[in-house]
Amino acid sequence: MSKPEEEKWKKICKSKEERPKVQEYKNWTELPPIPISLPLDGSMGRTGDWRTFRPVINTSECNKCGICWMYCPEGVIQKNEDGDYEIDLEYCKGCGICATECPTKNIEMKRESEM
Amino acid sequence: MTEAEQRDFIQKKESKILKGNIAAAYAAKSARVQVISAYPITPQTTVVEKLSEFVDGGLMPGTQYIKVESEHSVMASIVGASIAGTRTFTATSGQGLFYMNEMIHWAAGARLPIVTTLASRGPAPPWNIWADYFDVINARDTGWMSAFCSTHQEIYDEILMSYKVTENPDVMLPKFVAYGGFVLSHTSKPVMIEEQDLVDKFLPPLPDEEGWEHIFIDPERPMMHGNLIMPSGFYMEFRMKIHDAMVRAKEKIKKVAEEFERMFGRSYGNGLVQEYKLDGADVGIVIYGDLALQMEQAVDELRDEGYKVGMLKLRYFRPFPEEDIRKAAKKVKVLGVVDRATAFGSPTGGPVSSEVKSTLHNSGIETKVLPMISGLGGREVTLEQQKDQLKILVKMNETGELPDDLLYGTLWHGKLEVE
Amino acid sequence: MKNQKRKVGKKVSENGTIEISFAGRGGQTAVTASKLLAQFVYEKGFRDAIAIPIIGAERRGAPISAFTKISKTQQIKTYDSVVNPDYMVVFDISLLQIPKFKNVIKPKTTLLVNSDKALDRDKLPQIEKIYIIDATGICIEHKFMLSSGPILNIPMLSAFGKITGFYDLNTMEKVIKEEFGDKKADLNIEVARAAFNSVKEG
């Protein structure tokens with residue numbers, strides 16, 4: 001982005017760091033004209049805390065089809081440099097959709113208390 | 001037209017005999033709208049037909065014309081185009097506007113400066129395609145501004161002024177420009193088409209690639225609009241902002257009307273209302289749309305006969321010019337309000353008379369208000385009938401009594417009588 | 001029969017507005033005629049003109065009304081229909097038998113009728129001036145036809161220009177070229193000229 005564009009971007013949306021929190025608007029006159037959401041890691045907070053069961057991928061048996069990556073509603077499954085899938089436990093809320101969808105049944109939901 | 005001619009074509013100032021619909025199409029062309037999406041409906045059809053000819057004939061270079069399968073899709077595509085940062089235009093009528101209704105709210109909620117003309121027609125059933133402003137009134141609470149036109153020239157002028165008002169960063173609300181179906185859309189009168197350079201100078205520049213300030217589509221700057229707000233979120237406050245922008249738009253509308261007059265020499269009162277012979281009048285009449293022009297003639301003729309009558313042409317319904325209404329009401333003892341639209345079950349007559357009455361409530365102004373309804377579904381309103389309306393008000397002022405023949409406090413004027 | 005009560009008020013033409021009523025049948029191009037007339041007189045320097053077609057669920061052959069109001073000096077502010085015409089242009093002689101047309105003919109109305117023979121005055125209201133023009137004959141002769149029938153508006157308006165002097169063939173030519181393009185204009189002008197020269201008192 002060119003310089004003026006960056007400025008404008010900051011003016012409207014602010015950068016990730018300086019993006020105002022909802023609480024920063026003191027009253028309605030300070031609000032922007034319309035409600036917008038900006039992409040931000042964990043905009044709902046650290047959702048990893050919601051988890052009661054944790055998905056664990058059996059990497060040695062995994063055929064790397066990517067179905068779990070596709071189905072994860074929170075987008076916390078990523079492919080690492082070795083080509084293996086990894087789960088970002090900071091934000092994984094433990095919904096279990098990946099385990100349900102895994103065609104080779106190589107994702108196991110384990111109790112958090114046992115981990 | 002050859003390619004070279006198309007390239008060199010620049011609108012010169014010229015006066016032509018045009019149908020109201022064609023005047024609207026010329027206005028969209030003069031405003032250099034970038035995206036038109038349209039679905040034909042009587043009596044609006046020739047607006048979008050003419051625009052398709054302009055686009056196809058190369059007279060609107062850079063304009064995208066989107067053909068869709070319904071009015072709902074018209075507004076959906078226009079909302080998308082406007083979010084992407086373009087000047088947009090469409091036109092519809094009656095049932096088409098009703099079908100569009102859901103997307104209309106999306107346009108206002110996203111604060112998009114979309115201009116839509118309405119060749120207003122009566123709602124069905126029974127099917128009716130003739131002049132009746134019920135369609136624009138029906139969109140009263142959507143967050144759209146709405147203006148009425150009373151002449152062919154005003155259609156052209158009002159559309160140009162609309163872009164200047166709607167694209168003001170403090171306003172950013174969509175707007176309807178309404179004129180009576182057939183009575184204005186299909187009659188022909190001289191219309192001055194302004195020189196392109198002058199129109200370009202008058203209007204704000206077209207939005208650049210960055211789009212509007214508050215909403216845009218840019219992969220480099222991703223944003224999401226239209227998601228859920230919980231009751232504890234700012235939903236209510238964003239509604240307040242729309243109301244605030246609408247009310248404050250009145251000042252901008254006045255300023256734009258002033259600038260328009262300076263640049264093109266045609267006056268539309270203060271932009272919101274236009275007084276006509278109201279000074280020194282005992283009775284006045286508030287009236288809008290095509291009926292307002294003919295009422296001027298009725299006022300002229302009654303003034304010649306010695307009656308002290310005047311009128312106030314209402315140009316805007318939203319935002320509603322309550323200060324001007326109070327000012328006008330103070331000048332007269334009896335004020336009639338003529339609606340070419342209905343507000344079923346309303347305790348105060350038609351839609352505009354309701355607004356006038358509530359504006360005067362608790363204001364200390366003692367002026368009597370008589371709601372009138374006239375010309376529904378394109379019923380012809382003759383000059384004689386309009387003179388009769390004024391005379392009823394004069395009589396009301398003289399006797400201090402309401403006329404007979406009211407239906408729940410409202411005079412439905414021009415009813416059929418079997419001979 | 002149901003009828004909206006309609007008072008005939010002060011004649012608008014007293015304020016300098018001239019009112020013309022067109023009577024035609026669906027497809028006879030009367031509606032276009034009302035607009036072309038406004039264009040002709042505006043081109044000739046009239047200050048204001050309005051063409052008012054009465055549009056309904058019209059079909060080919062159905063009786064059609066259209067009006068034009070023109071003024072040399074002042075703005076026309078009315079949109080209502082003409083009930084007291086200064087001129088009435090009748091595209092088909094059979095229309096004169098229909099009450100809604102017959103009844104608006106006033107003693108002062110000048111009538112222009114498309115007919116190939118003289119009118120039977122006894123069957124008409126008492127009026128001073130009647131002109132006839134065989135517009136259909138001219139169209140057939142010049143092959144000035146649509147698939148549905150003759151294009152009557154040009155010969156009728158040409159005859160109208162001749163009897164009123166509001167505009168001439170040059171004005172018509174200019175407007176027609178602008179409206180329909182140079183290519184189509186020639187035949188239009190030819191028909192207009194023929195009609196201009198053949199309108200006569202009837």
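C:Phe40 is a buried residue, because its relative accessibility is just 0%, and buried means under 20%. Keep in mind that this is a predicted model. C:Tyr167 has a relative accessibility of 2%, so C:Tyr167 counts as buried too.

What do the rings of C:Phe40 and C:Tyr167 do together? Their centres sit 5.1 Å apart and their planes meet at 45 degrees, so this is a tilted pair. As for where the partners come from, C:Phe40 belongs to helix H1 (residues 30-43) of chain C, while C:Tyr167 is found in the loop between helix H4 (153-164) and helix H5 (169-180) of that chain. The two are 127 residues apart, and their pair links distant parts of the chain.

Now for aromatic pairs in general. Over all chains, the structure holds 19 of them. One is formed by B:Phe148 and B:Tyr288, and that pair is stacked. B:Phe148 sits in strand S6 (residues 145-148) of chain B and B:Tyr288 in strand S11 (residues 283-288) of chain B, so their pairing ties together parts that are 140 residues apart in sequence. With 1% relative accessibility, B:Phe148 is buried, and B:Tyr288, at 1% as well, is also buried.

Here are the two pairs side by side:

| Pair | Centre to centre | Angle between planes | Kind |
|---|---|---|---|
| B:Phe148 and B:Tyr288 | 4.3 Å | 25 degrees | stacked |
| C:Phe40 and C:Tyr167 | 5.1 Å | 45 degrees | tilted |

Which residues join B:Phe148 and B:Tyr288 in one aromatic cluster? They are B:Tyr133, B:Phe317 and B:Phe320.

B:Phe317 has a charged partner as well: the charged end of B:Arg318 sits over its ring, 4.8 Å from the centre. Elsewhere in chain B, B:Lys164 lies over the face of B:Phe202, with 4.7 Å to the ring centre.

Let's finish with two helices of chain B. Helix H11 (residues 322-331) and helix H12 (residues 351-360) have axes that come within 10 Å and cross at roughly 75 degrees. So H11(B) is roughly perpendicular to H12(B). Who makes the contact, and which residues are they? From H11(B) come B:Glu322, B:Ile325, B:Arg326 and B:Ala329, and from H12(B) come B:Val356, B:Thr359 and B:Leu360. Sorted by character, the contact residues split into 4 nonpolar, 1 polar and 2 charged.

How values were computed: Residues numbered from 1 in each chain as written. Chains lettered and ligands numbered in written order. Predicted model: local features only at pLDDT ≥ 70, side-chain atom pairs only at ≥ 80, totals over all residues. Heavy atoms only, no water. Phe/Tyr/Trp six-rings, centres within 6.5 Å; stacked < 30°, edge-to-face > 60°. Helix = DSSP H or I, 4+ residues; strand = E, 2+ residues; numbered from the N terminus. Buried < 20%, exposed > 50% of the residue type's maximum accessible area, 1.4 Å probe, protein only. Lys NZ or Arg CZ within 6 Å of the ring centre and 35° of its normal. Axes fitted to C-alpha atoms, helices over the stretch in contact; angles between N-to-C directions. Parallel < 35°, antiparallel > 145°, perpendicular 65-115°, else oblique. Contact = heavy atoms within 4.5 Å. Nonpolar A, V, L, I, M, F, W, Y, C, P; charged D, E, K, R; others polar.
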